[in-house]
Amino acid sequence: MDTPDNGAGPAEDVAGRLMELALGHLLSAALRTAAHCRVADHLAAGPRTAEELAELTGTHARHLRRVLRYLATRGVFREDEAGAFHLTPAGDALRTDAPYSQHAAVLMLTDPVFQRTSAGLEETVREEGPSFERAFGKPFFAYLAGDPALRELFDAGMTSLSGPVDAVVAGTYPFPERGTVVDVGGGRGGLLRAVLRGRPGLSGVLLDQTPAVSTHVLSGDETVRGRWSAESGDFFTKVPKGGDLYILKHVLHDWPDEACMRILRNCRTAMAPDARLVIVESVLPPGNDPHPGKTMDVAMAAIVDGQERTEAEFAALLSRAGFELTRILPTTAFPSVVEAVPV
């Protein structure tokens with residue numbers, strides 16, 4: 001039945017809600033502004049007014065206050081009745097010296113390269129294929145290889161984004177007490193380091209391309225000394241043999257199914273019959289509730305023609321590659337741990 005028009009308009013402020021959604025790019029811009037100005041660093045010692053922050057950051061107080069007030073509506077900062085701004089847990093994570101700082105991750109995710117890619121999302125939907133390639137003339141990872149500054153930003157941002165996840169995954173999944181863990185496409189080795197720290201009897205192998213491996217974090221940690229090796233390589237070509245457990249963390253979501261098959265089959269070839277495969281990625285839940293994986297899924301479509309997957313999609317993909325999905329362990333972070341064994 002149609003709702004009668006009594007002249008009062010809809011009960012919900014639909015226009016206001018859609019305006020907020022349509023201007024979502026301003027939230028990204030405001031967050032980037034706060035990160036660039038290192039506002040969180042200046043609030044680490046206690047609350048400050050916009051005037052005090054403007055003097056410290058070389059910005060205009062009136063406009064800075066408007067940006068911070070906006071971010072306060074999203075829980076990044078908190079403004080008190082006296083007009084001073086405080087750190088919230090989210091704002092504290094923007095400090096450059098915070099444990100598991102997200103400062104580098106925010107700068108990466110809000111970089112103009114990705115903003116331009118998102119602006120072309122309609123082309124991804126209409127034409128199929130990532131808008132990044134249309135905007136920049138080549139696939140994302142090929143473009144990354146030719147731009148050292150962007151590669152450094154990407155590696156730093158991914159390390160930042162992964163920090164809290166690494167600790168959670170290392171504490172959630174029952175890694176073996178002994179044996180060898182192979183981290184395939186493991187970036188700078190943050191997850192491998194976290195795993196080895198918690199299992200003194202384990203050794204590990206880090207595999208990734210040269211730019212990531214050359215800046216790995218393993219050599220500076222005395223708790224894992226002598227229990228790791230780092231190899232430059234391409235998981236599309238081959239994967240180190242002899243591991244008891246193989247990890248793919250935020251690897252498969254970068255690629256469409258057929259490319260994932262090549263990675264998984266290389267892992268399958270390298271694995272002993274009793275080895276295990278651990279995939280760390282978002283597992284998309286059903287329903288309409290917000291989930292970080294649903295946001296990242298759209299980003300993957302626009303940037304690399306990748307995707308986040310449901311449990312059923314993971315099971316089908318793994319089965320085609322010669323694996324059986326044995327269990328999915330949720331974590332307190334946004335990804336889950338998907339375990340599989342060779343069949």
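## Helix packing, cysteines and three loop residues

In this predicted model, helices α15 and α17 cross in a right-handed sense. Helix α15 covers residues 257-270 and helix α17 covers residues 311-320, and the two pack at an angle of about 55° with their axes 9 Å apart. That angle makes α15 oblique to α17.

If you would like to find this contact in the viewer, start from the α15 side, where Asp257, Glu258, Cys260, Met261, Leu264 and Arg265 take part. Their partners in α17 are Leu317, Leu318 and Arg320. By class, the contact of α15 with α17 has 5 nonpolar and 4 charged residues, with no polar ones.

A second helix pair is worth a look too. Helix α12 (residues 148-172) packs with helix α13 (residues 190-198) at an angle of about 40°, and their axes are 9 Å apart. This makes α12 oblique to α13, and the crossing of α12 and α13 is right-handed. From α12 come Asp166, Val169 and Ala170, which meet Gly190, Leu191, Ala194 and Val195 of α13. The residues of the contact of α12 with α13 divide into 5 nonpolar, 1 polar and 1 charged.

Now for the cysteines. How many disulfides are there in the model? With a disulfide taken as a pair of cysteine sulfur atoms within 2.5 Å, the count comes to 0. Cys260 shows how this works out at one site: the nearest cysteine sulfur belongs to Cys267 and lies 11 Å away, so Cys260 is in no disulfide under the 2.5 Å cut-off. We have already met Cys260 as one of the α15 residues in the contact with α17. Is Cys260 buried or exposed? Its relative accessibility is 0%, so Cys260 counts as buried. Cys37 is also a buried residue, with a relative accessible area of 18%.

Three loop residues round off the tour, and the table lists their places and accessibilities.

| Residue | Loop | Relative accessibility |
|---|---|---|
| Tyr100 | between α6 (89-92) and α7 (103-109) | 48%, partly exposed |
| His250 | between β7 (245-249) and α15 | 11%, buried |
| Phe334 | between β9 (323-330) and β10 (336-342) | 29%, partly exposed |

Two of these residues have a backbone angle to check. Tyr100 is a residue other than glycine with a positive phi, near 55°. His250 also has a positive phi in a residue other than glycine, near 50°. Because its relative accessibility is 11%, His250 counts as buried, whereas Tyr100 at 48% counts as partly exposed.

Which residues does Phe334 contact, leaving aside its neighbours within four places in sequence? They are Val165, His250, Ser282, His291 and Pro292. The presence of His250 in this group links two rows of the table, as Phe334 and His250 are in contact. Ser282 is another of these partners. Phe334 and Ser282 are 52 residues apart in sequence, yet their C-alpha atoms are 6.3 Å apart in space. Val165, also in contact with Phe334, lies within the residue range 148-172 of α12. Even with these contacts, Phe334 is partly exposed, at 29% relative accessibility.

Conventions: Residues are numbered from 1 along each chain as its sequence is written. This is a predicted model: local features need pLDDT of at least 70, side-chain atom pairs count only at pLDDT 80 or more; totals for chains, interfaces and linings use all residues. Side-chain values use heavy atoms; hydrogens and water are left out. Axes are lines fitted to C-alpha atoms, for helices over the stretch in contact, and angles run from 0 to 180 degrees between N-to-C directions. Helices (H or I, at least four residues) and strands (E, at least two) are DSSP runs, numbered from the N terminus. Angles under 35 degrees count as roughly parallel, over 145 as roughly antiparallel, 65 to 115 as roughly perpendicular and the rest as oblique. A crossing is left-handed if the near helix is turned anticlockwise from the far one by less than a right angle, and right-handed if clockwise. Contact means heavy atoms within 4.5 Å. Ala, Val, Leu, Ile, Met, Phe, Trp, Tyr, Cys and Pro count as nonpolar, Asp, Glu, Lys and Arg as charged, and the others, Gly among them, as polar. Buried means under 20% relative accessible area, exposed over 50%, partly exposed in between (1.4 Å probe, protein chains only).
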